[in-house]
Amino acid sequence: MGSTEIVFAHTVIALIDKVKEYIKYDIGVYGASMTGKTTLDKQLTTPGLIRPLGENQRTHHKLKAFSSKHRMPEASAKRLVSKGRKKTIVSRDIGGHEEYQYMWLKDMYERKIRAVVVVIDHRHLLDADNTDNQVALGYLVEALASKKPPKALGMWTRFRRRNYRPEKIILLANKADEWLVTDEDWAMWEHGLIANHPIFDVFREHLFLLQEMRIPVHIDAVSAIRNFNVQETLMKAMGVTQ
Ligand SMILES: Nc1nc2c(ncn2[C@@H]2O[C@H](COP(=O)(O)OP(=O)(O)O)[C@@H](O)[C@H]2O)c(=O)[nH]1
Ligand SMILES: [Mg+2]
């Protein structure tokens, strides 16, 4: 190849990379109430300092007129940047209360999302009787294991999505500023061994199930409010960065 051709080839490769940045990657963000989904949504939309959200700022959805179904919040595009790479993702902020759980599945199947992001926090470490996080992950894993699209979709969409399933699960243990504190914790994280942290112990059974269903799981610690490791984890899990 002559030097002009090499320059040309490089330009084409750079152009393809640029186009790829704008190809939208659909993700679904689900998890129990108060784990930090809305904070994460805001952090991904506009990185910065996010006002702590109080108990009266829970995410809620109105019922549709003359229906028992809730109105879906709009999906929005976000630009992620990590290690000099960029990617556009699309997600929407759905509430974590039990009455909204069916909307997680509806969103997942309707938009055919590629990655399911499950947001958990450390509440089960603070109170061993609290199972909010386990219930949330369990709900999603069991729905995927059943291999049946949810009833809320309607016959036609259910038929069209009969073979759909997400490519991967990204388990984000949020509020790392509160639970990733000891030197030992940090050493684990730095060595890439965070999946061994006790915060994930209660999820092992469901994580084994996902592995057996051949759905890869990416696990990491983040802090949505501090913007710690959020974009890095998502970009790595999507395979954009190493
Ligand atoms: N310490 C800490 N608190 C957080 C973090 N992310 C969210 N929160 C707080 O957790 C609470 C619930 O957050 P929110 O985003 O509303 O959770 P959602 O119910 O899952 O949408 C709020 O008080 C947030 O300020 C974090 O990374 N660290
Ligand atoms: Mg919320």
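**Exercise 1. Which residues does valine 117 touch, not counting residues up to four places away in sequence?**

Solution. The structure is a predicted model.

Step 1. Apply the contact criterion, C-beta atoms within 7 Å. With sequence neighbours up to four places away set aside, valine 117 touches Ile27, Gly28, Val29, Ile170 and Leu172.

Step 2. Place valine 117 in its wider setting. The largest nonpolar core has 48 residues, and Val116, Val117 and Val118 are those that touch the most other members. Strand β4, residues 115–120, makes the greatest contribution to this core, with six residues.

**Exercise 2. Determine the strand order of the open sheet and identify the strands at its edges.**

Solution.

Step 1. Read the order across the sheet: the six strands follow one another as β2-β3-β1-β4-β5-β6, and the pairing is mixed.

Step 2. Find the strands with a single partner. These are β2 (76–82) and β6 (217–221), which stand at the edges, so one side of each lacks a neighbour in the sheet.

Step 3. Consider the angle between neighbours. On average, adjacent strands of this sheet are turned by 30° against each other, direction ignored.

**Exercise 3. Describe how β3 pairs with β1 and with β2.**

Solution.

Step 1. Recall the general principle: strands of a sheet pair through backbone hydrogen bonds, in either a parallel or an antiparallel manner.

Step 2. Take the β1 side. Strand β1 (residues 25–30) and strand β3 (residues 85–91) run parallel and are joined by two bridges. Aspartate 26 has valine 90 of β3 as its bridge partner, and tyrosine 25 stands opposite isoleucine 89 in β3.

Step 3. Take the β2 side. Here the pairing is antiparallel, over seven bridges; in one of the pairs, leucine 80 is matched with lysine 87 of β3.

Step 4. Examine the connection. The hairpin of β2 and β3 has two residues between the strands, and lysine 83 takes a positive phi near 50°.

**Exercise 4. State which strands helix α10 lies across, and at what angle it runs to β2.**

Solution. Helix α10, residues 230–237, lies across β2, β3, β4, β5 (168–173) and β6. Its direction is at about 95° to β2.

**Exercise 5. Characterise the shell around ligand 1 by proximity, element and residue class.**

Solution.

Step 1. Proximity: 21 residues surround ligand 1, of which Gly36, Lys37, Thr38, Thr39 and Pro52 come nearest.

Step 2. Element: α2 (37–45) and α7 (176–179) are the elements that give two or more residues to the shell. The largest share, three residues, belongs to α2.

Step 3. Class: the shell around ligand 1 has five nonpolar, ten polar and six charged residues.

Definitions and conventions. Residues are numbered from 1 along each chain as its sequence is written. Chains are lettered from A and ligands numbered from 1 in the order in which they are written. This is a predicted model: local features need pLDDT of at least 70, side-chain atom pairs count only at pLDDT 80 or more; totals for chains, interfaces and linings use all residues. A residue is near a molecule or strand if its C-beta atom, placed from the backbone, lies within 6 Å of it. Helices (H or I, at least four residues) and strands (E, at least two) are DSSP runs, numbered from the N terminus. Ala, Val, Leu, Ile, Met, Phe, Trp, Tyr, Cys and Pro count as nonpolar, Asp, Glu, Lys and Arg as charged, and the others, Gly among them, as polar. A nonpolar core is a set of buried Ala, Val, Leu, Ile, Met, Phe, Trp, Tyr and Cys residues joined through C-beta atoms within 7 Å. A residue is buried if 20 or more other C-beta atoms lie within 10 Å of its own, exposed if 12 or fewer, and partly exposed in between; C-beta atoms are placed from the backbone. Two residues are in contact if their C-beta atoms, placed from the backbone, lie within 7 Å. Two strands pair if DSSP finds at least two bridges between them. Axes are lines fitted to C-alpha atoms, for helices over the stretch in contact, and angles run from 0 to 180 degrees between N-to-C directions.
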